[in-house]
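Work through the exercises below with the sequence and the model side by side. Try each task before reading its solution.

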Amino acid sequence: MRIKEHPILQFERERKITFFYNGKKIEAYEGETIAAALHAAGVKTLSKSLKYLRPRGFFCGIGKCSSCLMRVNGIPDVRTCITLAEDGMVVESQERKELPSADFPNCMVEKKEVDILVVGAGPAGMSAAIEASKAGAKVLLVDENPRLGGQLIKQTHKFFGSKGEKAGVRGIKIAEELQRELDGIEILLNTTVFGYYGEKDTHMLGAANKVENILYEIYAKKVVFACGAQENMLAFPGNDLPG
């Protein structure tokens with residue numbers, strides 16, 4: 001099942017593609033995430049809990065939980081709800097008790113040196129990157145998602161408050177306005193910052209792009225962490241059951 005019409009958003013289906021899930025062909029559209037395509041194909045159980053093997057389905061949809069972790073093209077623990085499907089991609093479920101392992105024989109390693117590293121490309125992160133760039137700094141903006149905007153890209157409602165705070169403007173439009181101001185700023189999407197290895201006067205952070213199999217060594221004079229917000233997921237019996 002897929003949404004074909006929306007009262008606010010206008011979209012057209014992209015080219016149809018095919019990927020493999022546990023050996024089975026799954027149809028998807030370019031620009032669609034793996035989890036969305038699986039859900040549309042009737043796959044409701046995306047993973048099982050590590051300890052009790054409880055079935056888990058589509059849950060947060062923004063890469064903040066572990067319900068959709070799968071092995072993609074041999075790489076484990078990929079968040080399929082924010083990873084775009086690609087033609088010929090091989091996706092496998094991780095339904096076992098042991099922790100997944102991986103070998104990265106062809107992993108590329110790239111070194112980045114910047115004045116300011118901004119982790120998170122939501123409204124706060126983009127604003128910080130824009131202001132730092134205006135001040136003359138060499139800026140690198142990193143986000144784990146395939147798109148810029150953070151929570152803004154799913155907010156179709158009009159903001160309230162003062163005009164100075166974008167009252168009457170939809171979140172998706174605010175994201176577009178901020179993106180237009182990012183000229184000259186290097187951006188890494190689908191990239192997760194996983195560790196800090198700073199020394200006296202240098203901030204060194206490790207980051208990984210699991211989609212393109214790239215590891216980054218990032219050296220920055222200053223670091224801004226703008227990791228954003230997420231919904232408060234209420235705890236109650238059965239809250240992780242598929243559907």
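How many salt bridges does the count come to? The rule takes a side-chain nitrogen of Lys or Arg within 4 Å of a carboxyl oxygen of Asp or Glu. By this rule the count is 13 salt bridges. Side chains of opposite charge can pair when their charged atoms come close.

The model is predicted: local features need pLDDT of at least 70 and side-chain atom pairs count only at pLDDT 80 or more, while totals for chains, interfaces and linings use all residues. Residues are numbered from 1 along each chain as its sequence is written, and side-chain values use heavy atoms, with hydrogens and water left out.

**Exercise 1. Describe the sheet and find its edges.**

Step 1. Strands (E, at least two residues) and helices (H or I, at least four) are DSSP runs, numbered from the N terminus. Two strands pair if DSSP finds at least two bridges between them.

Step 2. The open sheet is formed by 5 strands in the order 2-1-7-5-6, and its pairing is mixed.

Step 3. The edges are strand 2 (24-29) and strand 6 (75-79); each has a single partner strand, so one side of each is left without a neighbour in the sheet.

Step 4. Strand 5 (residues 69-72) and strand 6 run antiparallel and are joined by 3 bridges. Across this pair, Val72 stands opposite Ile75 in strand 6.

**Exercise 2. Locate the partners of three salt bridges and state how accessible they are.**

Step 1. Use these classes: buried is under 20% relative accessible area, exposed is over 50%, and partly exposed is in between (1.4 Å probe, protein chains only).

Step 2. Arg15 and Glu30 meet through their side chains at 2.7 Å, N to O. Arg15 is in the segment before strand 1 (16-21) and Glu30 in the loop between strand 2 and helix 1 (34-40), 15 residues apart. Arg15 is partly exposed at 46%, and Glu30 is partly exposed at 33%.

Step 3. The side chains of Lys112 and Glu186 form a salt bridge at 2.4 Å, N to O. Lys112 lies in strand 8 (residues 108-119) and Glu186 in strand 10 (residues 186-188), so the pair ties together parts 74 residues apart in sequence. Lys112 is buried at 14%, whereas Glu186 is partly exposed at 29%.

Step 4. Lys166 and Glu177 form a salt bridge at 2.8 Å, N to O. Lys166 is in the loop between strand 9 (139-142) and helix 3 (171-179), and Glu177 is in helix 3, 11 residues apart. Both are partly exposed, Lys166 at 34% and Glu177 at 26%.

Step 5. Salt bridges that share partners also join Lys64, Arg79 and Glu144 into one network.

**Exercise 3. Describe the contact between the two domains.**

Step 1. The domain assignment, automatic or from a database, gives domain 1 (16-92) and domain 2 (108-225). Their centres, taken over C-alpha atoms, are separated by 25 Å.

Step 2. With contact meaning heavy atoms within 4.5 Å, 12 residues from domain 1 and 10 residues from domain 2 take part.

Step 3. Buried area is the accessible area (1.4 Å probe) that two parts lose on being put together, summed over both. Between these domains the value is about 790 Å², of which carbon and sulfur atoms give 50%. In domain 1, Ile62, Ile75 and Ile82 lose the most area to domain 2, together 50% of what that side buries.

Step 4. Between domain 1 and domain 2 the count is 2 salt bridges.
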